[in-house]
Amino acid sequence: MMIPACRLADLPRGEAHRLDIDPPVSVFHTDDGELFAIDDTCTHQDASLADGWLEGCEVECPLHASKFDLRTGAVDAPPAKLPVRTHEVVVEDGMIYVRVSTRAPNLPPCVASRLAKGPA
Amino acid sequence: MRTVAVVGASLAGLSAARSLRKRGYDGRLVLIGDEPHRPYDRPPLSKEFLTGAVGEADLALERDDEDLAAEWVLGTRATGLERTERAIRLADGSRMRADGVVLATGAAARTLPGSEGLAGVHVLRTLDDARALRDELARGGRLVVIGGGFIGAEVASTAYALGLDVTVVEAAPTPLAGPLGEVMGGIVSALHADHGVRLLCGVGVKGLSGERRVDAVLLEDGRGVPADTVVVGVGARPCVDWLEGSGVELDNGVKCGADGRTSLAGVVAVGDCANWYDPYTGTHRRVEHWTGALERPDAAVATLLAYGATEPGVPRPPYFWSDQYGVKIQFVGHAAGADSVTVEDGATDDRSFLAVYRRAGRPVAVLGMNQPRLFTRWRKQLTAAAP
Ligand SMILES: Cc1cc2nc3c(=O)[nH]c(=O)nc-3n(C[C@H](O)[C@H](O)[C@H](O)COP(=O)(O)OP(=O)(O)OC[C@H]3O[C@@H](n4cnc5c(N)ncnc54)[C@H](O)[C@@H]3O)c2cc1C
Ligand code: FES
């Protein structure tokens, strides 16, 4: 599934754009000009990684400082223990698209149980 | 370096062990801890663990696939450090020589004198403490929390969510005035009243009453607050008694440089037991926060492996979070030196705002309530502006 995210011109370097799909996905534009997409929700608790601290190819969770590698989704240190999914990013005619992975996401327990119950 | 011993097997000790391996140390690595448990995460102990939302398995700090090729000596207390051979004495009578030592013994909850042996009185620092408190809170009733600091406030918030009748007693006129300043301390602690939790400020505790089990907290003004359960949340003291006479300089914990070096060569200190030199303030500070215990061991390990011949990097300003009544509280920097605090975004009445502390016009600290995105931006800015 290819989902349009935003125009490349509207996403400055060092910024992230969150797609409000379920579960949400975020596109990061690094200071070096690279684009990456990962699941937006931290695997530890319900925090948005788009709100986090982007440095190089890593984003630090805004709450408890676990860092995720944008290239691989891998997490560096506790409290999060599971990686996030990565997604393919395609730019066409100045528009950023995300091809969402078909793998199962690693959602934190509080979010996973909410999703399992269905929309409130 | 052929043997490194890490004393204290919790967050700071584990982070030091990880950093040793990441930096290429391939010698013998021993982790000594007096708790029987593998390293576990403490913050949930006052939050989701007490409500049952997370279990013991979720507290583990290690990943399932992680192997540090370390020897774990758990359930054994270190009782002394011999300076000449850098040997660690253990409570079981054994002795272990090491080329490098990482001191990571953390802190222990302060207790209330005279409360020993009285059932229903708890402190909260360890998993065993939390298990006991969780079972007690499950019985419901009236909880009195002594101390309106972060741990006390979190326990009050969690117990309120569990349906208990909660009172918080705080000796200072405003809770959290130390870390947050008077104004913001007042705003954050107003969360108690929002939820019908009683907050009694400016009055000390004289003692507890009860025969075998506590039945009331006695205040210095003569009042008594009936209680089925009491939690004493009056801070923690660094676990450094075992280092007396070792030659490691002690002063409110292990006195150490910005790079973790202590007064003994080959010995560094990390985490809650370490009284670091803070280049921001030019003083020593013991920072009892999770993120510091996670991040700073890397600098200490670099010092250890380089035999002290490293320049310490500038640490990020201290950061901590707290969760109370469903509100995310985040703080970075130093409130102590500030001469003004202004709300830059949101409204304090909504419990969703961002406040900036300044000294002579320069931002020195930032407080956020339910503002993770803005908070991160400010935190970045504050870090970039640091000396
Ligand atoms: C209930 C609770 C909630 C918290 N919530 C937050 C929060 O929301 N946000 C935040 O930023 N911080 C929070 N903290 C603080 C954070 O958990 C600590 O800063 C962190 O645990 C410090 O890690 P440490 O490894 O230095 O020390 P500790 O975690 O205290 O570990 C030290 C270890 O050393 C062991 N030890 C002590 N003496 C000896 C000895 N002589 N020999 C062998 N072993 C010994 C101890 O038993 C312990 O296992 C919380 C703390 C608690 C207790
Ligand atoms: S919510 Fe991301 S590290 Fe805790």
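Leaving aside its neighbours within four places in sequence, which residues is Leu367(B) in contact with? I would like to start there, and I should say at once that we are looking at a predicted model. In this model, Leu367(B) touches Leu180(B), Met184(B) and Val188(B), then Ile329(B), Gln330(B) and Phe331(B), and further Phe353(B), Leu354(B), Ala355(B), Tyr357(B) and Phe375(B), once the neighbours within four places in sequence are set aside. Leu367(B) also belongs to the largest nonpolar core, a set of 40 residues, where it stands with Leu143(B) and Leu180(B) as those with the most contacts inside. Another core, of 34 residues, lies apart from that one, and among its members are Ala17(B), Val102(B), Leu304(B) and Val356(B).

Two of the contacts of Leu367(B), namely Phe331(B) and Tyr357(B), bring me to the aromatic rings. Over all chains there are seven aromatic pairs. Let me take Phe150(B) and Phe320(B), whose ring centres are 4.8 Å apart and whose planes make 65 degrees, so the pair is edge-to-face, given that planes over 60 degrees apart count as such. Phe150(B) is in helix 4, residues 150-161 of chain B, whereas Phe320(B) is in strand 22, residues 319-324 of chain B, so that this pair links distant parts of the chain, 170 residues apart. Both Phe150(B) and Phe320(B) are buried.

Phe320(B) has a further partner in Phe331(B), with the ring centres 5.5 Å apart and the planes at 25 degrees, so this pair is stacked. Since Phe320(B) lies in strand 22 and Phe331(B) in strand 23, residues 327-333 of chain B, the pair ties together parts that are eleven residues apart in sequence. Phe331(B) is buried, as is Phe320(B). Taken together, ring pairs join Phe150(B), Phe320(B), Phe331(B) and Tyr357(B) into a cluster.

Between strand 22 and strand 23 of chain B there is a loop, and Tyr325(B) lies in it. The phi of Tyr325(B) is near 50 degrees, which is a positive value in a residue other than glycine, and Tyr325(B) is buried, with a relative accessible area of 11%. What may be set beside this residue is Asn252(B), which is not a glycine either and has a positive phi of about 50 degrees. Asn252(B) is found in the loop between strand 17 (236-238) and strand 18 (254-256) of chain B, and at 45% relative accessibility it counts as partly exposed.

Rings also meet charges in this chain. The charged end of Arg379(B) sits over the ring of Tyr319(B), at 4.1 Å from its centre, and the charged end of Arg38(B) sits over the ring of Trp72(B), at 4.0 Å from its centre.

Now to the sheet. Chain B has an open sheet of five strands in the order 3-2-1-7-19, with parallel pairing. Its edge strands are strand 3 (71-74) and strand 19 (267-269), each of which pairs on one side only, and from one strand to the next the twist averages 15 degrees. Strand 2, residues 28-33 of chain B, runs parallel to strand 3 and is joined to it by four bridges; as for single residues, Ile32(B) has Val73(B) in strand 3 as its bridge partner.

Which helices pack on this sheet, and which strands do they touch? Helix 1, residues 11-22 of chain B, touches strand 1 (3-7), strand 2, strand 3 and strand 7 (100-103), and its direction makes about 175 degrees with that of strand 2. Helix 8, residues 297-305 of chain B, touches strand 1, strand 7 and strand 19, and its direction makes about 175 degrees with that of strand 19.

Staying with helix 8 of chain B, its buried residues include Pro297(B), Ala300(B), Val301(B), Ala302(B), Thr303(B) and Leu304(B). These buried residues pack against strand 1, helix 1, strand 7, strand 19 and helix 7 (290-295) of chain B. Just after helix 8, Tyr307(B) takes a positive phi of about 55 degrees.

I will finish with two peptide bonds in chain A. The bond from Asp22(A) to Pro23(A) is cis, with omega near -5 degrees, and Pro23(A) lies in the loop between strand 2 (15-19) and strand 3 (25-29) of chain A. A cis bond also joins Pro78(A) and Pro79(A), with omega about 10 degrees, and Pro79(A) sits in the loop between strand 7 (67-69) and strand 8 (86-92) of chain A.

Definitions and conventions:
Residues are numbered from 1 along each chain as its sequence is written. Chains are lettered from A and ligands numbered from 1 in the order in which they are written. This is a predicted model: local features need pLDDT of at least 70, side-chain atom pairs count only at pLDDT 80 or more; totals for chains, interfaces and linings use all residues. Side-chain values use heavy atoms; hydrogens and water are left out. Rings of Phe, Tyr and Trp (its six-membered ring) pair if their centres lie within 6.5 Å; planes under 30 degrees apart count as stacked, over 60 as edge-to-face and the rest as tilted. Helices (H or I, at least four residues) and strands (E, at least two) are DSSP runs, numbered from the N terminus. Buried means under 20% relative accessible area, exposed over 50%, partly exposed in between (1.4 Å probe, protein chains only). A charge sits over a ring if NZ of Lys or CZ of Arg is within 6 Å of the ring centre and within 35 degrees of the ring normal. Two strands pair if DSSP finds at least two bridges between them. Axes are lines fitted to C-alpha atoms, for helices over the stretch in contact, and angles run from 0 to 180 degrees between N-to-C directions. Contact means heavy atoms within 4.5 Å. A nonpolar core is a set of buried Ala, Val, Leu, Ile, Met, Phe, Trp, Tyr and Cys residues joined through side-chain atoms within 4.5 Å.
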